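Trainee: Before I go back to the bench, could we go through this chain together, one question at a time?

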Amino acid sequence: MNNLPKCPACGSEFTYEDELMYVCPECAHEWPQAGTAEDNSDIRIVKDANGNVLQDGDNVTVIKDLKVKGSSSVVKVGTKVKIIRLVDGDHDIDCRIEGIGAMKLKSEFVKKV
């Protein structure tokens, strides 16, 4: 029998193990296997385009030309972004890019350096 925990996000019982994580195939929620006494539903894991886990203070590189909303500027492929900060929301990286300024990026358009 399957004695894996149910998904804390949607309650699905079809979870599976992936290295050190549990994964829900229905809602794509991931949470660590190492259980703690407190609720792990507030832990958020942000991954780059290659699947590497990102953390505050990491350096990343942009993998796609990105138009800057409200400007004619473009963030070019290969632009290095130093010292990122992870935030909640659709754009989950808060950073400062030289020549452009403060910006929010989606983690799917960067790779960890």
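The exchange below takes up an annotated domain, some salt bridges, two pockets and a single alanine.

Trainee: Which residues does UniProt assign to the feature "domain: Protein YjdM N-terminal", and how far apart are the end C-alpha atoms of that stretch?

Mentor: Keep in mind that this is a predicted model, and that the domain comes from an unreviewed UniProt entry, which places the feature at residues 4–32. Over that stretch the chain is 0% helix and 31% strand. The C-alpha atoms at the two ends of residues 4–32 are separated by 12 Å.

Trainee: How many salt bridges does a search of the whole structure find?

Mentor: Side chains that carry opposite charge can pair when their charged atoms come close. The criterion applied here is a side-chain nitrogen of Lys or Arg within 4 Å of a carboxyl oxygen of Asp or Glu. With that criterion, the number found over the whole structure is four.

Trainee: Which strands are linked by the salt bridge between Glu30 and Lys47, and are these two residues buried or exposed?

Mentor: The side chains of Glu30 and Lys47 meet with an N to O distance of 3.2 Å, and the pair links distant parts of the chain, 17 residues apart, from strand β3 (residues 30–32) to strand β4 (residues 46–47). Glu30 has a relative accessible area of 26%, while that of Lys47 is 31%. Because the class between buried and exposed runs from 20% to 50%, Glu30 is partly exposed, and Lys47 is likewise partly exposed.

Trainee: What is the distance between the closest N and O atoms in the salt bridge of Asp94 with Arg85?

Mentor: Arg85 is the nitrogen-bearing partner here, and its relative accessible area of 46% makes it partly exposed. In its salt bridge with Asp94, the closest N and O atoms are apart by 2.7 Å.

Trainee: Where in the chain do Lys106 and Asp90 lie, and which class of accessibility does Asp90 fall into?

Mentor: Lys106 and Asp90 form a salt bridge at 3.4 Å, N to O; Lys106 sits in the loop between β12 (101–105) and β13 (110–112), and Asp90 in the loop between β10 (85–86) and β11 (93–97), 16 residues apart. Lys106, at 23% relative accessibility, counts as partly exposed. Asp90 reaches 54%, and because the cut-off for the upper class is over 50%, Asp90 is exposed.

Trainee: Which strand gives the largest share of the lining of the largest pocket?

Mentor: The largest pocket, with a volume of about 190 Å³, has a lining that includes Leu66, Lys67, His91, Met103 and Lys106. By class, the lining consists of five nonpolar, one polar and four charged residues. At least two lining residues come from β7 (66–67), and at least two from β12; the largest share, three residues, is supplied by β12.

Trainee: How many charged residues line the second largest pocket?

Mentor: The second largest pocket has a volume of about 150 Å³. Among its lining residues are Asp18, Glu19, Glu30 and Lys47, the last two being the partners of the salt bridge at 3.2 Å. Besides five nonpolar residues and no polar ones, the number of charged residues in this lining is four.

Trainee: Which residues does Ala102 touch, leaving out those up to four places away in sequence?

Mentor: Ala102 belongs to strand β12 and, at 58% relative accessibility, counts as exposed. Its C-alpha atom is separated by 12 Å from that of Val75, 27 residues away along the chain. The residues that Ala102 touches are Cys95 and Arg96.

Note on methods: Residues are numbered from 1 along each chain as its sequence is written. This is a predicted model: local features need pLDDT of at least 70, side-chain atom pairs count only at pLDDT 80 or more; totals for chains, interfaces and linings use all residues. Side-chain values use heavy atoms; hydrogens and water are left out. UniProt positions are given in the numbering used here, feature names are shortened, and annotations may be inferred rather than shown by experiment. Helices (H or I, at least four residues) and strands (E, at least two) are DSSP runs, numbered from the N terminus. Buried means under 20% relative accessible area, exposed over 50%, partly exposed in between (1.4 Å probe, protein chains only). On a 1 Å grid over the protein atoms alone, a cavity is a set of points where a 1.4 Å probe fits but cannot get out, and a pocket is an open set with protein on both sides within 12 Å along at least five of seven lines; lining residues have an atom within 4 Å of a point. Grid points are joined across faces, edges and corners, and a volume is the space filled by probe spheres set on the points. Ala, Val, Leu, Ile, Met, Phe, Trp, Tyr, Cys and Pro count as nonpolar, Asp, Glu, Lys and Arg as charged, and the others, Gly among them, as polar. Contact means heavy atoms within 4.5 Å.
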